[in-house]
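Trainee: I am new to this structure and would like a close look at a single part of it. Please pick one residue, start there, and work outward to what surrounds it in the chain.

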Amino acid sequence: MDPTQQKALNALESFVLLSKSATSPRSAADLVNQATSAPNTYVFAELLQTPNVSALKAASFEYSTYHTLLQIFAWGTWADYSSIPNLPQLSGPQAHKLRQLSLLSLSTSPSTLTYPHLLQALSLPSVRALEDLVISSIYAGLLSAKLNTRSQRVDVSSVSPLRDLRPGSIPTLISALDSWNSRCVSVLDDLEIQVREVKQKALVRRKREERDEAAVEKMVAEAKKVVPANPPERAKLSGGKRGAQEAGTAVGEGNDEMELDEGRGHGRTRGPKRGGSGGLKNAAKRMMG
């Protein structure tokens, strides 16, 4: 049970016990005044059901209005009190409490929580008085809210279950709950559809990634088969160049020896011809050919 509701029920318990001795209409009316003025009493259905207080309905007009007043505190609003003539005059604590309880009822819709609407519905003289009422309700644990002075609105996040059910309101409440349940089911169905779509898209994306990855691996494997054939060609080419160089060297040496022999014949020695490098190039060209 909500702590504030439990506190309110405990506060009302003493008045329920006192109702047993309130056998006259006057004493019962005085008990209603005491209960609605006392701090922490915010629920009154149990007191309404006691025999002596319930008997006020059939009492004279002077006292029957107290029964109507207690009903307004139980499930009515400030607007209900203002619309019914000849009700008992409220004391300061009673008026403050009824406005607090009315604020709880008005918190069911954001459209009723604007400053202009609350000022009118609660008959408050100024914005300062409205803000003081909201702040006192927050400190009393009746609701959780913030004052949005910029937007001139009261932002309510939660409300304590302190309002009694008006007689005959059960079918309306059941209808409202059924409507809420239907909306929840509809939202859940939409969410399930969206979840299935997301999963399907993820599956398609994963298959595409696997296919692309397989294609890349195949290309890499084929490239590895082609790349090893190149080194022998380069080796052959390198070997050809080295062979050409060796052949050119051999030719150069042969020329030197020939010239050396010729030099011996003529009695003089000459160095290698400058054309030796040309022989290397020609040999390399022949090897490459």
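Mentor: Take Gly141 in this predicted model. Gly141 has a relative accessible area of 26%. A residue counts as buried under 20% and as exposed over 50%, so Gly141, at 26%, is partly exposed. Its place in the chain is the loop between H9 and E1. Leaving aside residues up to four places away in sequence, Gly141 touches Thr4 and Ser160. Gln5 is 136 residues from Gly141 in sequence, yet their C-alpha atoms are 9.4 Å apart in space.

Now follow the chain to either side of that loop. Helix H9 covers residues 127–139, and its axis comes within 10 Å of the axis of helix H7, residues 92–106; the two cross at roughly 80 degrees. That crossing makes H7 roughly perpendicular to H9. On the H7 side, the contact is made by His96, Arg99, Gln100 and Leu103; on the H9 side, by Leu133, Val134, Ser136 and Ser137. Sorted by class, this contact has 3 nonpolar, 4 polar and 1 charged residues.

On the other side of the loop is strand E1, residues 143–148, which pairs with strand E2, residues 153–159, in the antiparallel sense over 6 bridges. Together E1 and E2 form a hairpin with 4 residues between them. Asn148 stands opposite Arg153 in E2. In the turn, Gln152 has a positive phi of about 55 degrees.

H7 also leads to another helix, H5, since H7 is among the elements that cover the buried residues of H5. The others include helix H2 (25–37), helix H3 (45–48), helix H4 (51–54) and helix H6 (78–83). H5 is mostly covered, with 11 of its 15 residues buried. Among those buried residues are Tyr63, Tyr66, His67, Phe73 and Trp75. The length of H5, residues 61–75, can be checked as well: at 1.5 Å a residue it should span 21 Å, and its end C-alpha atoms are 21 Å apart, which agrees.

Last, the whole protein. Its secondary structure comes to 12 helices and 2 strands. Read along the sequence, the pattern is α-α-α-α-α-α-α-α-α-β-β-α-α-α. Of the 289 residues, 28% count as buried. Among contacts with a separation of 6 or more, 57% are between residues 24 or more positions apart.

Key
Residues are numbered from 1 along each chain as its sequence is written. This is a predicted model: local features need pLDDT of at least 70, side-chain atom pairs count only at pLDDT 80 or more; totals for chains, interfaces and linings use all residues. Side-chain values use heavy atoms; hydrogens and water are left out. Axes are lines fitted to C-alpha atoms, for helices over the stretch in contact, and angles run from 0 to 180 degrees between N-to-C directions. Angles under 35 degrees count as roughly parallel, over 145 as roughly antiparallel, 65 to 115 as roughly perpendicular and the rest as oblique. Contact means heavy atoms within 4.5 Å. Ala, Val, Leu, Ile, Met, Phe, Trp, Tyr, Cys and Pro count as nonpolar, Asp, Glu, Lys and Arg as charged, and the others, Gly among them, as polar. Two strands pair if DSSP finds at least two bridges between them. The expected span of a helix is 1.5 Å times one less than its number of residues. Buried means under 20% relative accessible area, exposed over 50%, partly exposed in between (1.4 Å probe, protein chains only).
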